[in-house]
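Welcome! Keep the sequence and the 3D view open side by side, and try each exercise before you read its solution.

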Amino acid sequence: MGQESSTPVDESTPPQTLNARSIEAVASYIKEGRAKKIVLMTGAGLSTAAGIPDFRSPDTGIYANLAKLNLPYPEAVFDISYFRSNPLPFYTLAHELYPGQYKPTLSHYFLRLLSDKGLLLKLFTQNIDCLERAAGVPSDRIIEAHGSFACQRCIDCRTEYPDELMKRAIHNGDVPRCVGAECNGLVKPDIVFFGEALPEKFHQNRDLPSHADLAIIMGTSLSVQPFASLPGYCRDGVPRLLLNSERVGGLGSRADDVLLLGDCDDGVRKLASALGWLGELEAIVKADNPDHATGGQLDKADTPQPRSLDAEIAQITKDVDGSLRISDQHAASLREHLSLPVRRPSQSAQPMLPDNKNIEEIVPALRVGDLKIQDSRQFQKYKTAGPQAENVNTNVRATVDGPEEKASSVTVGSRHPNQDLNTDKPSS
């Protein structure tokens, strides 16, 4: 399973299970009680209506904005080797994306409605934003293929890190360290980075689509394995509904594939209306968002808007340059005070230090924007964006739905992430 033709089915070929290849036919199939084990597969397109940027859009995507930090390559922010040497870019991103700043979309609440009705067999998501949980989908129904911000641990000893401490660290712009007395390793959310394997839970449940009687695929590019192979596990004759901006993967190649192209929330609204569930869906949204006047699709105005990632990065860059100038002036002042010869500043504007002094002795902890630079080595890593390009592993792919992992690290791929942050991954 998992391999299929990408050629669209001939329009003259009749459906095998549905009475037509239409959203109304899918709704009738569900209302007739023939879909009791529905598998959902979702990607970054599910969360863009919440205000969360996707990864790959040329001008507004996360990778495009992160490039302004002079990373060796944009995906380095999700590379475990790079994170070990320079965790600051990731925590810049985490400050923007951490759960609690965005509300679930209409589509997220539809997933909950399916669960409430006892129809959801399993939800496979590439997203790391936890909005499915926020909408009320039970955690035991969710497979977060590329991990999420739901929990975090030390990358060395694997000790779990308390949620409250993590929230505080991200809010304050700190880089959290292991709580173990003998460790002091870096702490990272359980998000699958390039170079890491997908969660075991994903591999244990990967064949579940073969037990489904309906698959709904929403907001994903299906461009990275192994997540991209999931729809192919569905048995022949099992309807597959795609709610997405474009046709992806092999969807549309089977007689019972239905494609509703466009915005995810618009597609969900049409499906809910055909099912006669729209009023119920809007009531759930309104109950969770009492200040929202009309229910249904949430407006961006209803979502607390943190400072944009673009603004965050611009401010950090400005503060770094400013800190360099301040350090230069401070070092010159110290030289004069110590009656040491003053050297002219170089064109590179590097801090001027006494010959027998280290920057740690003069500026033990610079604060750059919302991020604390603890010593000169970390400061220079931040300024130069980490390892040189020749040391970067180029065997890393990334996808439209988020980071991914090295192709060699898993047997069927992984976003690990082998995918979009809301993500797709390579095969493992």
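## Exercises with worked solutions

This is a predicted model, in which local features need pLDDT of at least 70 and side-chain atom pairs count only at pLDDT 80 or more, while totals for chains, interfaces and linings use all residues. Residues are numbered from 1 along each chain as its sequence is written, and side-chain values use heavy atoms, with hydrogens and water left out.

**Exercise 1. Find the stretches where pLDDT stays under 50.**

Step 1: Recall that pLDDT is the predictor's confidence in each residue, from 0 to 100.
Step 2: Begin with the whole chain, which averages a pLDDT of 74, with 63% of the residues scoring at least 70.
Step 3: Scan for values under 50; residues 293-308 are such a stretch, and the model gives them 37 contacts (heavy atoms within 4.5 Å) beyond four places in sequence.
Step 4: Residues 316-328 also stay under 50, here with 26 contacts beyond four places in sequence.
Step 5: Where pLDDT is low, the predicted coordinates should not be read in detail.

**Exercise 2. Work out the strand order of the open sheet.**

Step 1: Strands (E, at least two residues) and helices (H or I, at least four) are DSSP runs, numbered from the N terminus, and two strands pair if DSSP finds at least two bridges between them.
Step 2: Following the pairs gives six strands in the order S3-S2-S1-S6-S7-S8, with parallel pairing.
Step 3: Look at the ends of that order: strand S3 (142-144) and S8 are the edge strands, each pairing on one side only.
Step 4: From one strand to the next, the twist averages 15°. Angles run from 0 to 180 degrees between N-to-C directions, and axes are lines fitted to C-alpha atoms, for helices over the stretch in contact.
Step 5: Zoom in on one pair: strand S1 (residues 38-42) and strand S2 (residues 120-125) run parallel and are joined by five bridges. Leu 40 stands opposite Leu 123 in S2.
Step 6: Now add a helix to the picture: helix H9 (residues 264-275) lies across strand S6 (214-218), S7 and S8, at about 135° to S7.

**Exercise 3. Decide why helix H5 counts as largely enclosed.**

Step 1: Apply the burial rule: buried means under 20% relative accessible area, exposed over 50%, and partly exposed in between (1.4 Å probe, protein chains only).
Step 2: In helix H5 (residues 106-116), nine of the eleven residues are buried, so the rest of the structure largely encloses this helix.
Step 3: Among the buried residues are His 108, Tyr 109, Phe 110 and Leu 111.
Step 4: Ask what they pack against: the partners are S1, S2, helix H6 (131-135), S6, H9 and helix H10 (278-288).
Step 5: Take Leu 106 in H5 as an example; its relative accessibility is 0%, so Leu 106 counts as buried. Leu 106 and Arg 269 are 163 residues apart in sequence, yet 8.0 Å apart in space, C-alpha to C-alpha.
Step 6: Just after H5, look for Gly 118, which takes a positive phi of about 75°.

**Exercise 4. Compare three salt bridges by the settings of their partners.**

Step 1: A salt bridge is a side-chain nitrogen of Lys or Arg within 4 Å of a carboxyl oxygen of Asp or Glu, and the whole structure holds 13.
Step 2: Asp 156 and Arg 84 form one of them, with their closest N and O atoms 2.9 Å apart. This pair links distant parts of the chain, 72 residues apart: Asp 156 is in the loop between strand S4 (147-154) and helix H7 (163-172), and Arg 84 is in helix H3 (residues 80-85). Asp 156 is partly exposed at 46%, and Arg 84 is partly exposed at 46% too.
Step 3: Arg 153 bridges to Glu 160 at 3.8 Å between the closest N and O atoms. Arg 153 is buried at 16%, whereas Glu 160 is exposed at 53%.
Step 4: For Asp 257 and Arg 240, the closest N and O atoms are 2.7 Å apart. Asp 257 lies in strand S8 (residues 257-261) and Arg 240 in strand S7 (residues 240-244), 17 residues apart. Both residues, Asp 257 and Arg 240, are buried.

**Exercise 5. How many disulfides does the model have?**

Step 1: Use the cut-off: a disulfide is a pair of cysteine sulfur atoms within 2.5 Å.
Step 2: The count by this rule is zero.
Step 3: Check Cys 151: the closest cysteine sulfur, in Cys 130, is 8.5 Å from its own, too far for a bond.
Step 4: Cys 151 is partly exposed, at 29% relative accessible area, while Cys 234 is buried, at 3%.
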